[in-house]
Amino acid sequence: TRPDKRTVRVKEQTQEKLLSVARDVRGRLGLGENQKLKARLIAAGMRDASTPDIFFAAQLGMPLLGAFAASFIPTNTLFFVMAAAGIGYLLPDMWLTRMIKRRMKRIRKSIPDAVDLLAICVEAGLGMDQALHRVGDEIAVSYPDLNEEFTQVNLEQHAGTPRL
C-alpha cells in the first residue's frame with residue numbers, strides 16, 4: 001500500500017521491476033543518459049522520466065525476443081536468428097522515428113489555427129504569455145500536441161527560461 005491509500009497492482013509492480021532491471025543493465029554496461037535519444041523522445045511527445053528506460057528495455061528485449069522466436073525455424077536457423085535479432089534491434093528506433101514524424105505532421109497542421117488565435121488574443125490586449133496560455137487552453141481538445149507544447153513553453157517561462 002502507498003500513503004495515498006491506493007493499492008499497487010501486479011501490473012505496476014511488474015513494470016517497475018522491469019524498469020529497475022533495465023536501469024541496472026544500462027548502468028552495468030556504462031551507458032549513461034543519451035541526450036540525443038532524450039531529445040527524440042521529447043519530439044515524439046514522450047516526456048515521462050521513465051521513457052528512456054522503457055526504450056532501452058525495448059531495444060534490449062526485441063532482439064532477444066526475435067532471436068528466440070526465429071530459433072524455432074527448422075531450416076537456416078542461424079540466418080533467421082541473426083536477421084530477427086537485427087530487425088528486433090532496429091524496430092524500436094523505426095517506431096520512434098515514425099512517432100516523431102506523425103507528431104510533427106499533427107503540429108504542422110495545427111499551427112495556422114493557433115497563430116490566428118494568438119493574433120486575435122494579442123490584438124484584444126493580452127500579453128504574449130497570457131495569449132499563449134489562453135490559446136493552449138482553447139486548442140486543447142482539437143490539437144492536443146500543440147497544447148502540450150504551449151503548456152511546456154508556459155511552464156518554462158514561469159520557471160525563468162528567457163523568451164528568445
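Are F68 and F72 buried or exposed? Both F68 and F72 are exposed, and the two rings make an aromatic pair with each other. Keep in mind that this is a predicted model. What follows is a quick tour of its pockets, its aromatic pairs, helix 6 and a couple of residues around helix 3.

**Largest pocket**
- The largest pocket comes in at about 320 Å³.
- It has 16 lining residues, and N34, L37, F55, F56 and Q59 are the ones closest to its centre.
- Three helices each put at least two residues into this lining: helix 2 (35–43), helix 3 (51–70) and helix 4 (77–123).
- Helix 3 gives the largest share of that lining, with 5 residues.
- Sorted by class, the lining of the largest pocket splits into 7 nonpolar, 6 charged and 3 polar residues.

**Second largest pocket**
- Next in line is a pocket with a volume of about 270 Å³.
- Its lining is made up of E12, Q15, E16, L18, L19, V21, A22, V25, I54, A57, L60 and G61.
- Helix 1 (10–28) and helix 3 are the elements that give two or more residues to this lining.
- Here the largest share, 8 residues, belongs to helix 1.
- The class count for the second largest pocket is 8 nonpolar, 2 polar and 2 charged residues.
- Helix 3 turns up in both linings: it supplies at least two residues to the largest pocket, and two or more to the second largest.

**Aromatic pairs**
- If you're after ring geometry, the structure has 2 aromatic pairs.
- F68 and F72 sit edge-to-face, with 5.1 Å between the centres and 85° between the planes.
- F79 and F80 are also paired edge-to-face, at 5.3 Å centre to centre and with 70° between the planes.
- F79 counts as exposed because its relative accessibility is 56%, which is over the 50% cut-off.
- F80 has a relative accessible area of 31%, so it is partly exposed.

**Helix 6**
- Helix 6 covers residues 144–159, 16 residues in all, and spans 22 Å from its first C-alpha to its last.
- That span is close to the 22 Å expected at 1.5 Å a residue.
- Which residues of helix 6 are buried? They are D145, L146, N147, F150 and N154.
- Those buried residues of helix 6 pack against two neighbours, helix 4 and helix 5 (128–138).
- Just past the end of helix 6 comes G160, with a positive phi of about 110°.

**G66 and N76**
- G66 belongs to helix 3.
- Why does G66 count as buried? Its relative accessibility is 19%, and the cut-off for buried is under 20%.
- From G66 to L126 you go 60 residues along the chain, and their C-alpha atoms are 55 Å apart.
- N76 is found in the loop that runs between helix 3 and helix 4.
- With a relative accessibility of 56%, N76 counts as exposed.
- N76 and P52 are separated by 24 residues in sequence and by 35 Å in space, C-alpha to C-alpha.

Notes. Residues are numbered from 1 along each chain as its sequence is written. This is a predicted model: local features need pLDDT of at least 70, side-chain atom pairs count only at pLDDT 80 or more; totals for chains, interfaces and linings use all residues. Side-chain values use heavy atoms; hydrogens and water are left out. On a 1 Å grid over the protein atoms alone, a cavity is a set of points where a 1.4 Å probe fits but cannot get out, and a pocket is an open set with protein on both sides within 12 Å along at least five of seven lines; lining residues have an atom within 4 Å of a point. Grid points are joined across faces, edges and corners, and a volume is the space filled by probe spheres set on the points. Helices (H or I, at least four residues) and strands (E, at least two) are DSSP runs, numbered from the N terminus. Ala, Val, Leu, Ile, Met, Phe, Trp, Tyr, Cys and Pro count as nonpolar, Asp, Glu, Lys and Arg as charged, and the others, Gly among them, as polar. The expected span of a helix is 1.5 Å times one less than its number of residues. Buried means under 20% relative accessible area, exposed over 50%, partly exposed in between (1.4 Å probe, protein chains only). Contact means heavy atoms within 4.5 Å. Rings of Phe, Tyr and Trp (its six-membered ring) pair if their centres lie within 6.5 Å; planes under 30 degrees apart count as stacked, over 60 as edge-to-face and the rest as tilted.
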